[in-house]
Structures are given as structure tokens and as C-alpha cells.
Amino acid sequence: MTVHDADDGRLVLLVSGPNLNLLGEREPAVYGPKTLGEHVDAAAAAAKRHGLELRHVQSNHEGDLIDAIHAASGEAAAVIINAGALTHTSWSISDALGAFDGVVVEVHLSNPAAREPFRHTSVLARVADGSIAGFGGLGYELAVEAVARLLDPSGTASSQ
Ligand code: DQA
């Protein structure tokens, strides 16, 4: 499991699931040329612009992801999650997100609805405030933007 911390402020936990550590080399025609670290840096910069702190966790192990979501309760104001293929299967992650007491935004680089049938169902969508998919790496910045708006609808905490 790798963890990336950014600046001080209200905490947003970005959770990356299986195989996303391979971004940059994994199916670039589908997922783009950028590495996960580059997406995290863009998300952290977007968070900083909104007075938020981004923490990132990536794991290829379902239980690690669940533990990270549990630990976020009472600590983070929001979870942004790209659970990879666990999006389509993990009722355990779905339940963990359901128990999280903050904003939840689901993000995907590709547009799963336009791909193979097994990707058409997200078992996480039922517990997410919303989902962003199909915009490549821009989705991470859009997810932070959504979190910032949901946490502070008047925009008074933003430094923009
Ligand atoms: C993904 C879509 C999933 O179907 C896939 O298993 C991934 C990446 C995306 O970001 O587009 O690993 O979550």
C-alpha cells in the first residue's frame, strides 16, 4: 500500500484500487498515458486550490481498501474512489463506503458504461453522492471540484 500526503486543510481521501498502480503502462489506449502519481498530483493541486488536503492510498488488496475507508471516518470529509474492477463486484467496499460519514465520489478514467457488459454495473454507485467517468485524468480534478462544491456550496472556503 502506498500513501501520498499533500498540504494541510480539510482532508479528502483518494482511494485507488487494483491495477491502477500500473497506469502509464497499462492499456494506454483505454486509460491514457499518465501514471497514477501524475493523476494524484493533479488531484492534490486541485484540492489545494480549494483549501483541501488530499491523501492518497492505493492497494491491490480489497481488505486494505476497506481498512483505509474505515480509518477515514471521523478524519476525512470526503472519499474519492476509483476501485478499479472491484467497482463491479465488491459489496464489501460498497458497505464500507455506506458506513463512511462524509461525501463519496466515484471516479473512472474510462467510461465503463460504454465497455464490456461486466463493467456496466457499479455496486458502489448506490452509496456514492455521484460518479464521474469517461473524462480520463480530468475526472480526478472534476471529482475534487465536486467534493469542494458539496462541502462548501457557497464557495467561501475556496482560494480561487
Ligand atoms: C476503471 C474501470 C474499471 O472497469 C477497470 O477495471 C479499471 C479502471 C477506470 O478508471 O476506468 O481498473 O475503474
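What covers the buried residues of α5? In this predicted model, the cover includes the strands β2 (10-16), β3 (52-58), β4 (78-82), β5 and β6, together with the helix α2 (36-49). The residues of α5 that lie buried beneath this cover are G139, Y140, A143, V144, V147 and A148. Helix α5 itself runs over residues 138-151, and its length can be checked with simple reasoning: at 1.5 Å a residue, its 14 residues should span 20 Å, and because the end C-alpha atoms are 20 Å apart, the two values agree.

A good place to look next is H39, which sits in helix α2. With a relative accessibility of 5%, H39 counts as buried, because buried means under 20%. Setting aside neighbours within four places in sequence, the contacts of H39 are L23, K34, L109, G137 and Y140. Of these contacts, Y140 is also one of the buried residues of α5.

Attention can now turn to the largest pocket, whose volume is about 150 Å³. Its lining is made up of 15 residues, and E106, H108, P112, S122 and S131 are those that lie nearest the pocket centre. Two strands, β5 (103-108) and β6 (130-133), each supply at least two residues of this lining. The largest share, 3 residues, is contributed by β6. Sorted by class, the lining holds 8 polar, 5 nonpolar and 2 charged residues. The strands β5 and β6 thus appear in two settings: each supplies part of the pocket lining, and each is also included in what covers the buried residues of α5.

Definitions and conventions: Residues numbered from 1 in each chain as written. Predicted model: local features only at pLDDT ≥ 70, side-chain atom pairs only at ≥ 80, totals over all residues. Heavy atoms only, no water. 1 Å grid on protein atoms, 1.4 Å probe; cavity = no way out; pocket = protein on both sides within 12 Å on 5 of 7 lines; lining within 4 Å. Points joined across faces, edges and corners; volume = space filled by probe spheres on them. Helix = DSSP H or I, 4+ residues; strand = E, 2+ residues; numbered from the N terminus. Nonpolar A, V, L, I, M, F, W, Y, C, P; charged D, E, K, R; others polar. Expected span 1.5 Å × (residues − 1). Buried < 20%, exposed > 50% of the residue type's maximum accessible area, 1.4 Å probe, protein only. Contact = heavy atoms within 4.5 Å.
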